[in-house]
Amino acid sequence: MKKLNFAIIGAGTAGLTTAILLAREGHHVTIFEQVEELSPVGAGLLLQPAGLAVFEHLGVLDQALKLGAKVTGLEGQLANKRLLVNSHYHQAGNNLYGLGIHRSTLCHILTQKLAEYSSHVTWRMNHHIERIEEQPNEIRLFGTDQQHNFDDCFDAVLIANGARSQLRPKAWVKVDQAYPWGAAWSIVPECLNLNPEILHQFYDRSKIMMGVLPTGAIPSAPQQRLSSVFWSLPTSQLQSFLKTEQSKQDWLKQVSDRWSDVAKWLEQLLLDEHNQPQWLSAQYRDVVMSRYGQGRIGVIGDAAHAMSPQLGQGANMALLDAWAFSQSLHAAQKNQQIDWSMLWQHYHQQRRPSTQFYQFLSRLLTPLYQSDHWWAGGIRDLTFPWMYQTPYFRKEMAITISGLKTGMFQHMSYQQIAEYQHNQNVLIQNNQSLPEYD
């Protein structure tokens with residue numbers, strides 16, 4: 001088959017992963033980024049087993065394990081010290097686990113892998129794409145490069161420039177709105193007061209939520225293990241969080257009244273004059289699309305399906321998008337050409353059920369943890385302990401957290417994603433067996 005020339009807009013998790021998979025197959029990839037230099041900003045994130053399966057498919061899992069922090073489960077504690085959430089990956093399947101990782105470490109691992117295929121990759125840093133125009137046999141991109149206009153032609157384009165993308169076709173967007181709650185976060189030296197293999201969360205009704213995530217290390221300081229701390233707040237309060245000494249004391253008292261061991265650790269951090277934590281804010285969006293691709297244009301990652309981080313699936317879903325696009329490209333090869341209609345039918349078949357499931361569940365659960373509804377926390381506190389005591393629900397919730405669900409009663413297998421069979425398509429080849437999507 002003739003090798004294709006792809007444009008990818010955005011060098012986040014979805015963009016970099018897709019670039020690796022395309023370049024590995026011999027296609028040429030041009031990556032457009034607005035910034036002059038990649039320097040990812042953000043708290044640590046949790047790669048779920050489904051995302052780690054994609055890492056294994058890429059051949060970067062071993063490197064990620066060296067720098068990341070292995071996470072065996074999630075425990076959520078109420079103010080009365082009772083466990084509300086008690087989910088562990090082994091309940092979903094033997095040998096499954098998550099990986100806490102710093103965003104800069106994730107970017108480093110992916111860019112290092114991409115460098116192995118440098119002859120197939122062109123970087124266009126400090127480029128701003130303003131418009132995409134689809135023509136019968138090509139895609140044209142129009143934009144600016146250091147205030148100079150440019151336009152260029154490609155076989156196809158993938159839009160991967162994040163939740164606030166202005167490039168995704170507006171006709172495909174059903175929902176695009178900001179969540180009223182976000183989080184203040186900081187990355188600090190590892191918390192030794194807590195189990196370093198557990199993502200710890202702390203809740204009081206739906207108004208207080210804190211998380212401590214093992215985050216591993218960054219490549220430049222591999223010996224210093226880190227934790228990410230999250231504190232949930234309405235977006236209107238994010239910029240003022242811990243700006244005064246009194247606000248620090250008030251916050252420590254809030255935590256101490258509920259979880260004294262964690263408060264002691266946080267107090268030590270805040271009293272260290274030489275290494276004060278830097279607190280930044282994270283705001284989230286809800287983005288729902290009727291389709292993720294058509295013709296020679298596709299949308300992947302947060303640009304396609306941003307959601308609340310309540311289920312910890314953002315990076316996970318971006319990795320699965322990249323994997324599914326690569327698989328669908330193989331499935332759409334026909335007479336040495338690409339049948340683009342077949343590609344997107346296959347891609348939607350692979351990604352739509354899973355994405356819809358996680359977006360629905362995230363939208364359903366978020367108010368139980370982050371909202372002003374007085375009743376939300378009470379309902380959660382009554383129902384969740386009962387569910388975790390029921391073996392069937394306990395297993396299903398562990399599979400859900402693992403990122404492997406494709407519906408209420410279906411899920412993928414880790415091995416199905418992890419396997420890499422060079423130039424061999426093992427997925428559906430018959431166009432008649434693919435469903436049509438509106």
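The axes of helix H9 (residues 340-369) and helix H10 (residues 376-388) come within 7 Å and cross at roughly 110°. That makes H9 roughly perpendicular to H10. The word covers angles of 65 to 115 degrees; under 35 counts as roughly parallel, over 145 as roughly antiparallel, and the rest as oblique. Axes are lines fitted to C-alpha atoms, for helices over the stretch in contact, with angles from 0 to 180 degrees between N-to-C directions. Helices (H or I, at least four residues) and strands (E, at least two) are DSSP runs, numbered from the N terminus.

This is a predicted model, in which local features need pLDDT of at least 70 and side-chain atom pairs count only at pLDDT 80 or more, while totals for chains, interfaces and linings use all residues. Residues are numbered from 1 along each chain as its sequence is written, and side-chain values use heavy atoms, with hydrogens and water left out.

Which residues meet? From H9 come Leu 365, Pro 367, Leu 368 and Tyr 369; from H10 come Ala 376, Gly 377, Arg 380 and Phe 384. Contact here means heavy atoms within 4.5 Å. The residues of this contact divide into six nonpolar, one polar and one charged. Ala, Val, Leu, Ile, Met, Phe, Trp, Tyr, Cys and Pro count as nonpolar, Asp, Glu, Lys and Arg as charged, and the others, Gly among them, as polar.

**Pocket and cavities**

H9 and H10 also help to line the second largest pocket, as do E15 and helix H11 (391-401), each with at least two residues. H9 gives the largest share, seven residues. The pocket holds about 570 Å³ of space. It has 25 lining residues, and the closest to its centre are Leu 361, Leu 365, Met 387, Met 397 and Thr 400. By class, the lining has 20 nonpolar, three polar and two charged residues.

The search uses a 1 Å grid over the protein atoms alone: a cavity is a set of points where a 1.4 Å probe fits but cannot get out, a pocket is an open set with protein on both sides within 12 Å along at least five of seven lines, and lining residues have an atom within 4 Å of a point. Points are joined across faces, edges and corners, and a volume is the space filled by probe spheres set on the points. Two cavities of 30 Å³ or more are counted.

| Cavity | Volume | Lining classes |
|---|---|---|
| Largest | about 60 Å³ | six nonpolar, three polar, one charged |
| Second largest | about 40 Å³ | eight nonpolar, no polar, no charged |

The lining of the largest cavity includes Glu 190, Cys 191 and His 200. E15 and strand E16 (208-218) each give two or more residues to this lining. Around the second largest cavity stand Val 188, Trp 251 and Trp 279, among others. Helix H6 (residues 260-271) supplies the largest share there, three residues.

**Strands**

E15 (residues 198-204) runs parallel to E5, joined by six bridges. Leu 78 has Tyr 203 in E15 as its bridge partner. Strands E5 (residues 73-78) and E6 (residues 83-88) pair in the antiparallel sense over five bridges. Two strands pair if DSSP finds at least two bridges between them. Four residues lie between the strands of this hairpin, where Lys 81 takes a positive phi near 75°.

Elsewhere, three strands form an open antiparallel sheet in the order E9-E10-E11. E9 (127-135) and E11 (148-154) are the edge strands, each pairing on one side only. E10 (residues 138-145) meets E11 over seven antiparallel bridges.
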